[in-house]
Amino acid sequence: MKKTASFTPVIGVTVIILFAGVIVLCDVDARQQVDPQSTVMTKCTACHTTRRICDNLGEKDREEWIRTVSEMVSKGADVAEQDIPVVAEYLANLEPGSEPVCR
Ligand code: HEC
């Protein structure tokens, strides 16, 4: 009985440390953003080449890209809802003719 009593705080502290670690790890994970370039090069090539995307570089602003990407998602593009602005931002900032979208 005495042994159990002296071990309880040790177990309690260990559990707290483990929980804190899990919470920190989850938080870091949640803040991680997608890599918009690899998203475009993998997810946006499922139905057409990047040619269509290339043709629109420098033509659409962020808002227009959000509209286009959302439309592609509604057609079936595998891009998460929260990643749409990240991808749109990336495309809006690309110069016309940028690699690897254009090549
Ligand atoms: C599920 C199939 C599919 C996927 C995946 C897809 N698209 Fe499309 N996309 C289409 C189709 C079909 C058209 C032609 C019809 C149209 O113009 O609305 C098109 C046309 C386009 C056009 C030219 C028309 C316009 O509105 O400017 C752009 C730009 C474009 N896609 C960008 C993208 C981007 C960026 C992605 C990745 C987020 C993507 N597409 C993923 C199906 C897809």
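**Exercise 1. Find which helices build the shell around the ligand, and which helix gives the most.**

Solution. Start with the helices in this predicted model that each supply at least two residues of the shell around the ligand: these are α3 and α4. Next, look for the main contributor. Helix α4 gives the most, with 6 residues in the shell. Then turn to the residues themselves. There are 18 residues around the ligand, and those that come nearest are Cys44, Cys47, His48, Lys60 and Met72. Finally, place the ligand in the protein: the ligand sits in the largest pocket.

**Exercise 2. Work out which residues coordinate the iron atom of the ligand, and where they lie along the chain.**

Solution. First, pick out the donors from the protein side chains. His48 coordinates the iron atom through NE2 and Met72 through SD, at 1.9 to 2.2 Å. Now locate the pair. His48 belongs to the loop between α2 (36–43) and α3 (51–56), whereas Met72 belongs to helix α4 (residues 62–75). The two are 24 residues apart, and the pair links distant parts of the chain.

**Exercise 3. Decide what geometry the donor atoms form around the iron atom of the ligand.**

Solution. Count the donors to begin with: there are 6 donor atoms around the iron atom. Then check the angles, which run from 85 to 179 degrees. For six donors, octahedral requires opposite donors to be over 155 degrees apart and all others between 65 and 115. The arrangement is octahedral because of the angles that these 6 donor atoms subtend. As a reference point, ideal angles for six octahedral donors are 90 or 180 degrees.

**Exercise 4. Classify His48 and Met72 as buried, partly exposed or exposed.**

Solution. Recall the cut-offs: buried means under 20% relative accessible area, exposed means over 50%, and partly exposed is in between. His48 has a relative accessible area of 22%, so His48 is partly exposed. Met72 has 28%, so Met72 is partly exposed.

**Exercise 5. List polar side-chain atoms that approach nitrogen or oxygen atoms of the ligand.**

Solution. Take the residues one by one. For His48, an N or O atom of the side chain is 2.8 Å from a nitrogen atom of the ligand. For Lys60, a side-chain N or O atom is 2.9 Å from an oxygen atom of the ligand. For Lys75, a polar side-chain atom lies 3.4 Å from an oxygen atom of the ligand.

**Exercise 6. Describe how Glu89 pairs with Arg62.**

Solution. Begin with the setting: Glu89 is in helix α5, and with a relative accessible area of 35% Glu89 is partly exposed. Next, compare sequence and space. Glu89 and Arg62 are 27 residues apart along the chain, and their C-alpha atoms are separated by 5.6 Å. Last, look at the side chains, which make a polar contact at 2.7 Å.

**Exercise 7. Contrast the exposure of Val40 and Thr49, and give a sequence-distant partner for each.**

Solution. Val40 is in helix α2 and is buried, with a relative accessible area of 0%. Its partner is Leu91: the two are 51 residues apart along the chain, with C-alpha atoms separated by 8.9 Å. Thr49, by contrast, lies in the loop between α2 and α3 and is exposed at 53% relative accessibility. Thr49 and Val101 are 52 residues apart in sequence and 9.1 Å apart in space, C-alpha to C-alpha.

**Exercise 8. Summarise the fold and locate the cis peptide bond.**

Solution. The secondary structure comes to 5 helices and 0 strands, in the order α-α-α-α-α from the N terminus. Of the 103 residues in the protein chain, 23% are buried. Most peptide bonds are trans. The bond from Glu99 to Pro100 is cis, with omega near 0 degrees, and Pro100 lies in the segment after α5 (84–92).

Terms used: Residues are numbered from 1 along each chain as its sequence is written. This is a predicted model: local features need pLDDT of at least 70, side-chain atom pairs count only at pLDDT 80 or more; totals for chains, interfaces and linings use all residues. Side-chain values use heavy atoms; hydrogens and water are left out. Donors are N, O and S atoms within 2.8 Å of the metal (3.2 Å for Na, K and Ca); water is not among the atoms, so sites may look incomplete. Four donors count as tetrahedral if all angles lie between 85 and 135 degrees; four count as square planar and six as octahedral if opposite donors are over 155 degrees apart and all others between 65 and 115; anything else is irregular. Helices (H or I, at least four residues) and strands (E, at least two) are DSSP runs, numbered from the N terminus. Buried means under 20% relative accessible area, exposed over 50%, partly exposed in between (1.4 Å probe, protein chains only). A residue is near a molecule or strand if one of its heavy atoms lies within 4 Å of it. A polar contact is a pair of N or O atoms within 3.5 Å; within protein, one must be able to donate a hydrogen and the other to accept it, and residues adjacent in sequence count only if both atoms are side-chain atoms. On a 1 Å grid over the protein atoms alone, a cavity is a set of points where a 1.4 Å probe fits but cannot get out, and a pocket is an open set with protein on both sides within 12 Å along at least five of seven lines; lining residues have an atom within 4 Å of a point. A molecule sits in a cavity or pocket if more than half of its atoms lie within 2 Å of its grid points.
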